[in-house]
Amino acid sequence: MVVAPWMASWALSAQIFGSHNTPTYAAISTDLAERPEPGLPEQPVLVLAALRKASLEGRATDPGSGDIPATRADARRLSEEIDAAIDVGLIQYTHPTRLGDILPGLLLASRWYDGRPLRVVDLGTSSGMLLLAASMAFRFPTGDWSPPDAFDVFEHPLAVPRALLDTPTTLESAVGIDLRPLDVRNPDAITLLRSYEWPGPSERSEQLTRAIRVAQQRPPHLITGDVQEVAHDVIRDRIDKEVVTVVIDSAFSHYMLMAAQVRLGNSMDGLAGHGPLVLITRGMNANREMGRATVRAIDLHRKRRLVYAETDYIGESPEWLAPWPSEAATSRWT
Ligand SMILES: C[S@@+](CC[C@H](N)C(=O)[O-])C[C@H]1O[C@@H](n2cnc3c(N)ncnc32)[C@H](O)[C@@H]1O
């Protein structure tokens with residue numbers, strides 16, 4: 001283990017956990033950065049998730065409890081399963097209320113295309129929480145998103161413009177792709193999903209519990225596969241001039257190598273020639289500010305975009321960015 005980058009990685013994570021209301025993970029990460037644990041990998045999120053999974057299965061202390069000596073001891077004892085989790089390498093963190101800031105992008109797609117039905121394809125979908133817009137209602141400070149068949153209502157602090165919330169929207173279909181989709185009707189998938197949760201305010205955990213219940217009642221359509229191999233055909237099959245195909249890339253594509261990201265972008269540009277194709281993406285903050293991610297809707301077919309929201313990395317503390325009405329704020333490019 002090369003100690004300097006290892007320490008830097010744990011110190012950076014301490015900072016990120018600290019600024020995301022996850023103090024126990026911040027404290028453990030700081031302690032490890034100061035006194036490295038020989039043999040422990042340098043991917044804090046995956047290491048802590050592996051330990052948390054063992055705790056959810058009753059085989060370790062929850063690293064979220066803040067008991068640093070116990071976590072160190074568990075890390076030594078469970079080194080093989082930590083290494084195995086690193087080999088798999090998947091971070092499947094999903095904050096269910098991330099759907100609240102994807103939703104304005106869906107409404108914008110409807111608005112851009114005069115209410116044509118939406119066909120959603122979610123890349124790196126994990127448990128498919130972002131596919132549940134027909135089943136989750138949201139109460140924003142400015143108004144509500146209330147689909148007729150909503151199974152539960154979530155509070156969301158994003159100030160989505162009222163006029164946008166009033167946009168008539170039809171969700172025709174929604175499908176998600178993941179290397180390892182988590183079907184929460186399976187208890188092992190719930191354990192895995194929960195293992196990635198960042199311990200913090202109790203609402204965070206409660207929201208996940210409620211969202212799992214929604215997904216159990218309204219199971220999203222999940223496809224197992226590598227986005228690099230299957231996304232092109234899944235999207236192509238859903239493009240039609242009479243509908244809008246909406247592709248969501250939320251906390252996903254930055255996990256791919258740069259060359260793969262470029263290939264995906266080129267493939268989407270090619271597909272946009274066949275019909276309306278809107279990308280909703282959660283990516284780096286416009287000022288490249290640490291800890292903040294920007295959410296934007298990009299119409300690849302008619303070449304216009306709106307950078308509309310900013311959140312922290314896990315989808316909390318959202319802020320509305322775009323002036324309204326959107327037509328004035330939607331920039332076009334040629
Ligand atoms: C951090 S999670 C994001 C989940 C969800 N999109 C969200 O925003 O809450 C990233 C997801 O991408 C998946 N993933 C990573 N690489 C992938 C690939 N090449 N093809 C398909 N899924 C992939 C992981 O399994 C994981 O579920």
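Start by selecting Asp 74 and showing what surrounds it. Leaving out residues up to four places away in sequence, Asp 74 touches Leu 51, Ala 54, Ala 60 and Thr 61. You're looking at a predicted model, by the way. Asp 74 sits in helix H4. Is Asp 74 buried or exposed? Asp 74 has 21 C-beta neighbours inside 10 Å, so it counts as buried, the cut-off being 20 or more. Put a distance label between the C-alpha atoms of Asp 74 and Thr 61: 7.3 Å, for two residues that are 13 apart along the chain.

**Next stop: H3**

Two of those contacts, Leu 51 and Ala 54, are also on the list of buried residues in H3, so select 44–56 next, the range of helix H3. H3 has 13 residues and runs 18 Å from its first C-alpha to its last, close to the 18 Å expected at 1.5 Å a residue. Colour by burial and H3 shows up as mostly covered, with 11 of its 13 residues buried. Among them are Pro 44, Leu 46 and Val 47, along with charged-side-chain entries Arg 52 and Lys 53.

What lies over H3? The cover for its buried residues includes H1, H2, H4, helix H5 (79–88) and helix H8 (187–195). Step past the end of H3 and click on Gly 58, which has a positive phi, near 75°.

**Over to H2**

Now select 23–34, helix H2. The 12 residues of H2 should span 16 Å at 1.5 Å a residue, and the end C-alpha atoms are 16 Å apart, which agrees. Which residues of H2 are buried? Pick out Thr 24, Tyr 25, Ile 28, Ser 29 and Leu 32. Look down the helix axis: these residues cover an arc of only 130°, which puts them on the same side of H2. There's a familiar pattern behind that view: an α-helix has 3.6 residues a turn, so residues three or four places apart point the same way. Show H1, H3 and helix H4 (68–77) as well, since the cover over the buried residues of H2 includes them.

**Zoom out: two domains**

Colour the chain by its domain assignment, with domain 1 at 3–88 and domain 2 at 98–332. Taken over C-alpha atoms, the centres of domain 1 and domain 2 are 29 Å apart. How many residues of domain 1 are in contact with domain 2? There are 14, and they meet 13 residues of domain 2. On the domain 1 side, the elements giving two or more residues are helix H1 (3–19), helix H2 (23–34) and helix H3 (44–56). The largest share of that side, four residues, comes from H3. By type, the domain 1 side divides into five nonpolar, six polar and three charged residues.

**Parallel strands in domain 2**

Hide the helices and show strand S1 (residues 118–123) with strand S5 (residues 171–178). These two run parallel and are joined by six bridges. For a landmark, label Val 121, which stands opposite Val 175 in S5.

Keep S5 on screen and add strand S6 (residues 221–224): S5 and S6 also pair in the parallel sense, over four bridges. The pair to click here is Gly 176 and its bridge partner in S6, Leu 222.

**The antiparallel run**

Move along to strand S9 (residues 292–299), which is mostly covered, with six of its eight residues buried. Add strand S8 (residues 277–284), which pairs with S9 in the antiparallel sense over seven bridges. Leu 279 stands opposite Ile 298 in S9.

Then bring in strand S10 (residues 304–312): S9 and S10 are antiparallel too, with eight bridges. Across this pairing, Arg 296 has Val 307 in S10 as its bridge partner. Follow the chain from S9 to S10 and you go through a hairpin with four residues between the strands. Stop in the turn at Lys 303, where phi is positive at about 55°. If you're showing side chains here, remember that in a regular strand they alternate between the two faces of the sheet.

**Last stop: Arg 139**

Finish with Arg 139 in strand S2 (residues 136–140). Arg 139 has 15 C-beta neighbours inside 10 Å and therefore counts as partly exposed. Set aside neighbours within four places in sequence, and Arg 139 is in contact with Asp 144, Val 153, Glu 155 and His 156. For a long distance label, join the C-alpha atoms of Arg 139 and Ala 33: they are 106 residues apart along the chain and separated by 40 Å.

Terms used. Residues numbered from 1 in each chain as written. Predicted model: local features only at pLDDT ≥ 70, side-chain atom pairs only at ≥ 80, totals over all residues. Domains from an automatic or database assignment. Contact = placed C-beta atoms within 7 Å. Expected span 1.5 Å × (residues − 1). Buried ≥ 20, exposed ≤ 12 C-beta atoms within 10 Å, placed from the backbone. Arc of directions from axis to C-beta. Pairing = 2+ DSSP bridges.
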